[in-house]
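Please open the model in your viewer, show it as a cartoon, and keep the side chains ready to switch on. The stops below say what to select next and what is to be found there.

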Amino acid sequence: MKKLAVLLLPLLAVAATPAAADWLVTRSGERVDIQGPWQLKGKLVVFTRMDGSFASLRTSEVDLKASERVTAEEKAKKAAPAPAAAAPEKKKPVAVVTDETLAKARKPAPAPSPEPGQPAPPAAEPPASTGPAVLGAWDRRALEGAEGIELFGTLQNPGNKIAAGVAVTVQLFDEAGDLVESAEAVLDESSIAPGGMIHFRIPLPGLFTFADAKFRVKSFVLDFDPVPQEGEGPQ
């Protein structure tokens, strides 16, 4: 292939009318990438190399029509919009498990509604206390031999009459609200004097933990008139 003769021009070359091209194509089919448009000056095609230096080729060595066509094609490629980036795939939501959701999951399902014409089941009555005796402080402790736990505490009578027939029942529930144990208390006395106090204990063998306790204290007022002495009757 015939070697092309490239003539370097001085920096202060006289500018001619620029042609709208950024590529030069030689008669042998070679492509020359240039900076900016090339220019015709007489029998020379003047252009700027990619390194910024000025150069020229003889017009007989350049295919001007092919140069314009290739330049237009390359500019069209550069002007074409870039393909849109694919949208990121949506990730499936991840369930977050918290103490609150676990507590809700442990709650028992609501009782089904009765069928039409059938009576509704009776609702469970919460423990209720009756009489003048009231629950004081209470606590728990381990039974001897690590066989379970025991509840212990006090009962008080804030009234001004004797609280008789004292009895205590406890109901124990787990974290889901289900009843796990029900037991009667052992009292050191069955009555409480006005303003007095007695102790109770509730052994629970085989039970080691619970979440909630509800006590029911039952008693009645022992109210009686003293027997009148002789001579104290009504006049």
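**Along helix α1**

Select E74 and K77 to begin with: being three residues apart in helix α1, they are separated by about one helical turn. Helices, here and below, are DSSP runs of H or I with at least four residues, strands are runs of E with at least two, and both are numbered from the N terminus. Before going further, please note that this is a predicted model, in which local features need pLDDT of at least 70 and side-chain atom pairs count only at pLDDT 80 or more, whereas totals for chains, interfaces and linings use all residues. Residues are numbered from 1 along each chain as its sequence is written, and side-chain values use heavy atoms, with hydrogens and water left out.

**The salt bridges of E74**

With the side chains of E74 and K77 shown, look for the salt bridge between them, in which the closest N and O atoms are 4.0 Å apart; the term stands for a side-chain nitrogen of Lys or Arg within 4 Å of a carboxyl oxygen of Asp or Glu. Now add R31 to the selection, since E74 forms a salt bridge with this residue as well, the closest N and O atoms being 3.5 Å apart. This pair links distant parts of the chain, with E74 in helix α1 (residues 64–79) and R31 in strand β2 (residues 31–33), 43 residues apart. Taken together, R31, E74 and K77 are linked in a network of salt bridges.

Which of these residues are buried and which are exposed? E74 is buried, with a relative accessible area of 17%, R31 is partly exposed at 47%, and K77 is exposed at 58%. In these terms, buried means under 20% relative accessible area, exposed means over 50%, and partly exposed lies in between (1.4 Å probe, protein chains only).

**A buried threonine in β4**

Move next to T48, which is found in strand β4 (residues 44–48) and is buried, with a relative accessible area of 17%. Which residues should you select around T48 to see its contacts? Leaving aside its neighbours within four places in sequence, T48 is in contact with I34, Q35, S53 and F54, where contact means heavy atoms within 4.5 Å.

**The hairpin of β6 and β7**

Select residues 134–142 and 148–156, which are the strands β6 and β7; they run antiparallel and are joined by seven bridges. Two strands are said to pair if DSSP finds at least two bridges between them. To follow one of the bridges, show L135, whose partner in β7 is L155. The two strands form a hairpin with five residues between them, and in the turn G145 has a positive phi of about 80 degrees.

In this part of the chain, show the side chains of R141 and E150, which form a salt bridge with the closest N and O atoms 2.9 Å apart. R141 is partly exposed, with a relative accessible area of 38%, whereas E150 is buried, at 7%.

**H199 in β11**

Select H199 in strand β11 (residues 197–205), which at 43% relative accessibility counts as partly exposed. Leaving aside its neighbours within four places in sequence, H199 is in contact with G153, T154, V186, L187 and D188. If you add G136, you can check a C-alpha to C-alpha distance of 9.3 Å from H199, although the two residues are 63 apart in sequence.

**The open sheet of three strands**

Now select β9, β8 and β12, which form an open sheet in that order, with antiparallel pairing. The strands β9 (179–184) and β12 (212–222) stand at the edges, each with a single partner strand, so one side of each is left without a neighbour in the sheet. Strand β8 (residues 162–173) pairs with β12 in the antiparallel sense over 10 bridges, and among the residues to show here is F173, whose bridge partner in β12 is D212.

**Zooming out**

Finally, return to the whole chain, whose secondary structure comes to two helices and 12 strands. From the N terminus on, its elements run β-β-β-β-β-α-α-β-β-β-β-β-β-β. Of the 235 residues, 24% count as buried. Among contacts between residues at least 6 apart in sequence, 59% join residues at least 24 apart.
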